[in-house]
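The exercises below are to be worked with the sequence and the coordinates open. Each task is followed by a stepwise solution.

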Amino acid sequence: MRLKSIGVKIVTLAIIAIMVLSGCAGASNNTTSGSENNDTSSDTASGSENDNTSSDTSSDESSGGDEKELVFAYIMSDAANEYSVQQKEGVEAKAKELGVTVDIQSPTTSEGSEEQVGFIETAIARKVDGIFIFPNSVEGLYTAVQKAQESGIPFLSLTHRFDPDKMEELGLEYVPYVGVNNVLGGNLVGEFMKENFPKGTKTVIITGSEGANTNTERLQGLFEIVGEQGPDCWIDVVAMQTANWDVEQGYKVMQNMLSANPDIELVFAICDTMGIGALRAIEEANKKEQISIISYDGIREALSLVEQGDFLATVGMKPRDEGQIGLQYLYDWVTKGEKPQQDTDTGVTVVTQENLDEYRAALSE
Amino acid sequence: MDSKTKISRIAWLLQNSFALYFGMLLIFAVFTFLCALRGIDFLTPTNISNIVVQSAITAVISIGASVVILSGGIDLSVGSVAAFVGMLMAFFVKSGIPIGFACVIGIMAGIIIGLINGLGISYAKIPALIMTLGMMSIARGGALAVNDGKPIANFPAELGLIANSTIFGIPIFVIYVLVFYAVMVMVMSKSKFGRHVYAIGGNEKAAVLSGVKVKSVSLAAYCIGGMFSAIGGVFLLSRLMYATPNAGSGYEMDAIASTVIGGIALSGGSGKLINTLVGALILSTLKAGLQMLNVPYSVQQMTTGLVIIIAVYFDKASERRAE
């Protein structure tokens with residue numbers, strides 16, 4: 001009996017060792033658009049992956065009479081983030097149009113990059129034709145980007161930008177970026193505030209998870225325009241607290257900030273979800289007349305609230321466009337060898353009741 | 001019983017939980033003082049009402065968590081179940097199902113999840129930590145699946161009545177908390193079921209030998225856990241009129257913290273359910289106070305952790321004296 005169990009263990013370990021070693025050998029043989037690559041991708045294209053958060057978008061025939069079917073890996077930021085979900089919908093639509101397969105993965109949390117690194121490494125091991133991602137935090141992904149570039153797999157980023165200077169510093173190629181400029185968005189909010197509110201307006205800011213790029217960039221943009229916090233700042237920031245992108249936390253934080261500062265006039269919520277929670281707290285405290293809400297992201301519910309006058313404004317972006325343009329660029333890169341330019345700006349708009357219809361029309365194109 | 005026994009019982013009760021109630025008063029006093037320094041009025045009726053209402057959902061979910069912990073188990077799935085039930089109910093309400101009916105379906109879903117937890121733990125002998133950890137992921141995945149990761153909004157106004165009505169000017173959340181705690185405290189202290197839960201938590205083998213049906217009692221405890229998680233999810237949905245798959249994250253830690261601050265041992269078998277309510281209030285007051293003082297989030301986290309440790313330290317004072 002004992003010999004048998006030891007034997008089984010040795011065999012299992014040996015199999016694992018062999019797989020690991022051959023995996024390492026295989027990775028160093030990677031080429032970008034060689035036929036070897038496409039052979040392995042057509043194997044994986046028809047099967048469905050066993051990762052529980054992935055979904056395959058495959059088509060029956062490839063476009064343009066091409067024999068090879070391309071496989072791309074797309075990594076979301078968070079399966080429950082409506083912006084990320086809308087972006088995914090854009091990707092799925094474009095994938096159908098181009099006739100390619102996109103393997104979609106999503107981390108279980110929008111905080112931290114470990115899961116995204118894992119997905120990138122898996123994609124590299126599967127020798128996909130291209131990888132594009134909505135990073136939660138670019139800082140955590142440098143090593144993964146390095147691996148992708150060393151394997152010769154085109155790598156593109158959506159919504160958050162890999163700073164080209166930093167890439168150069170690290171000795172890496174630049175990562176093409178499709179998305180908005182959050183700093184610019186913050187600038188627009190700052191200008192909107194200056195145009196619509198007198199100096200010294202009592203303001204509270206509800207922020208997202210500390211350290212998230214989205215957070216820091218939007219705040220940076222805001223303070224660039226209104227001035228550093230302090231006596232010279234256009235707005236009087238009486239409180240700034242995080243609600244970690246969560247609607248319930250937004251509600252509680254707003255309630256407590258109201259208790260401490262009953263004469264608040266303006267709320268800036270760095271994402272719509274938190275703004276919705278804040279709105280509930282303001283409604284309960286019967287202070288809707290007194291307080292205006294500016295928020296960011298332009299999710300469907302937020303647009304409804306702008307229409308109803310509950311939100312003063314939100315910053316709209318085009319997540320679907322980002323997804324579509326990103327996949328198109330990656331496709332062109334792989335098929336024609338044209339590496340996209342460093343930045344493609346999909347545009348931010350401050351959406352108010354005035355331009356709401358115009359914005360909605362532009363979205364559904 | 002005669003009045004002397006009554007009085008000595010009350011004295012014993014208060015004395016045993018003295019540190020806890022003193023702690024809560026202390027926290028109130030500290031924040032009143034600190035806020036006054038900043039020109040903020042802490043002790044207003046609105047503020048106190050806000051704090052109680054903010055603690056209500058955690059307090060209700062903690063009832064279920066406490067019952068499970070008292071029986072010697074643990075339930076890490078509470079937050080995810082709340083999110084799942086919220087999404088499920090939101091989906092049904094949007095599909096046109098009457099609100100009351102959707103509410104019942106939601107709570108039943110919670111009970112069923114609790115049942116599955118209990119079956120895995122009591123009958124399949126899967127350790128509670130693993131079973132509920134796995135269920136946490138499953139329920140979270142379920143919440144995502146309901147609407148493909150997208151939140152659900154725009155409900156009929158009546159949905160808000162569940163959470164936002166007032167009765168004689170008292171927020172209905174306060175009434176719910178009082179009623180639920182009153183009922184469950186009676187159940188845990190006076191009924192056979194309650195005694196059996198304590199017995200299992202205290203010493204499972206002895207309970208088996210005494211003829212307690214350990215498996216069914218434990219199963220029931222997890223069903224209760226699932227039920228209260230679901231109720232929490234319903235409350236959250238009605239309060240915010242917005243369902244997100246990410247809701248309730250971290251609830252399990254808040255529920256467990258409320259339970260242990262309230263003096264229930266993590267190993268089970270001892271502690272009073274009513275004190276969990278105090279634990280939840282302490283946590284809620286702490287968070288609210290720190291936010292009112294505009295304390296940086298990093299400091300809020302550290303303070304909360306410190307308070308939990310200190311609270312349990314005082315709880316264990318009698319144990320240390322016994323050694």
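**Exercise 1.** Is helix 11 of chain B largely enclosed by the rest of the structure or not, and how many of its residues are buried?

Solution. Start with the conventions. This is a predicted model, in which local features need pLDDT of at least 70, side-chain atom pairs count only at pLDDT 80 or more, and totals for chains, interfaces and linings use all residues. Residues are numbered from 1 along each chain as its sequence is written, while chains are lettered from A and ligands numbered from 1 in the order in which they are written.

Step 1: fix the terms. Helices (H or I, at least four residues) and strands (E, at least two) are DSSP runs, numbered from the N terminus. A residue is buried if 20 or more other C-beta atoms lie within 10 Å of its own, exposed if 12 or fewer, and partly exposed in between, with C-beta atoms placed from the backbone.

Step 2: count. In helix 11 of chain B, 24 of the 27 residues are buried, so this helix is largely enclosed by the rest of the structure.

Step 3: check the length. From first to last C-alpha, helix 11 of chain B reaches 39 Å, close to the 39 Å expected at 1.5 Å a residue (1.5 Å times one less than the number of residues).

Step 4: look past the end. B:Met241 follows helix 11 of chain B and has a positive phi, near 55 degrees.

**Exercise 2.** Describe the largest nonpolar core and state where it lies relative to the domains of chain A.

Solution. Step 1: a nonpolar core is a set of buried Ala, Val, Leu, Ile, Met, Phe, Trp, Tyr and Cys residues joined through C-beta atoms within 7 Å. The largest one has 190 residues, and those touching the most other members are A:Phe72, A:Ile131, A:Ile206, A:Val267, A:Ala278 and B:Val60.

Step 2: helix 11 (residues 214-240) of chain B gives the most to this core, with 16 residues.

Step 3: domain 1 (32-180 + 319-347) and domain 2 (182-316) of chain A each contribute residues to this core, so the core lies between them. The domain bounds come from an automatic or database domain assignment.

Step 4: take one core member. Not counting residues up to four places away in sequence, B:Val60 touches B:Tyr176, B:Val177, B:Phe180, B:Phe228, B:Ile231, B:Gly232 and B:Phe235; here two residues are in contact if their C-beta atoms, placed from the backbone, lie within 7 Å.

**Exercise 3.** Which elements of chain A give two or more residues to its side touching chain B, and how do the residues of that side divide by class?

Solution. Step 1: the interface pairs 26 residues of chain A with 25 residues of chain B.

Step 2: the elements of chain A giving two or more residues are helix 3 (82-98), strand 8 (235-242), helix 9 (247-260), helix 10 (272-284) and helix 11 (300-308). Helix 9 of chain A gives the most, with 10 residues.

Step 3: the side of chain A divides into 10 nonpolar, 9 polar and 7 charged residues. In this scheme Ala, Val, Leu, Ile, Met, Phe, Trp, Tyr, Cys and Pro count as nonpolar, Asp, Glu, Lys and Arg as charged, and the others, Gly among them, as polar.

Step 4: turn to the contact inside chain A. There, 9 residues of domain 1 are in contact with 8 residues of domain 2. The domain 1 side has 3 nonpolar, 4 polar and 2 charged residues.

**Exercise 4.** Are A:Trp245 and B:Asn154 buried or exposed?

Solution. Step 1: locate them. A:Trp245 is in the loop between strand 8 and helix 9 of chain A, and B:Asn154 is in the loop between helix 6 (128-146) and helix 7 (161-164) of chain B.

Step 2: read the backbone. Phi is near 65 degrees for A:Trp245, positive in a residue other than glycine; B:Asn154, also not a glycine, has a positive phi near 65 degrees.

Step 3: count C-beta neighbours inside 10 Å. A:Trp245 has 27 and therefore counts as buried, whereas B:Asn154 has 11 and therefore counts as exposed.

**Exercise 5.** Which residues does A:Tyr177 contact, leaving aside its neighbours within four places in sequence?

Solution. Step 1: A:Tyr177 belongs to strand 6 (residues 177-179) of chain A and counts as buried, with 25 C-beta neighbours inside 10 Å.

Step 2: its contacts are A:Ser157, A:Arg161, A:Phe162, A:Gln342, A:Asp343 and A:Thr344.

Step 3: A:Tyr177 and A:Gln342 are 165 residues apart along the chain, yet their C-alpha atoms are separated by 5.8 Å.
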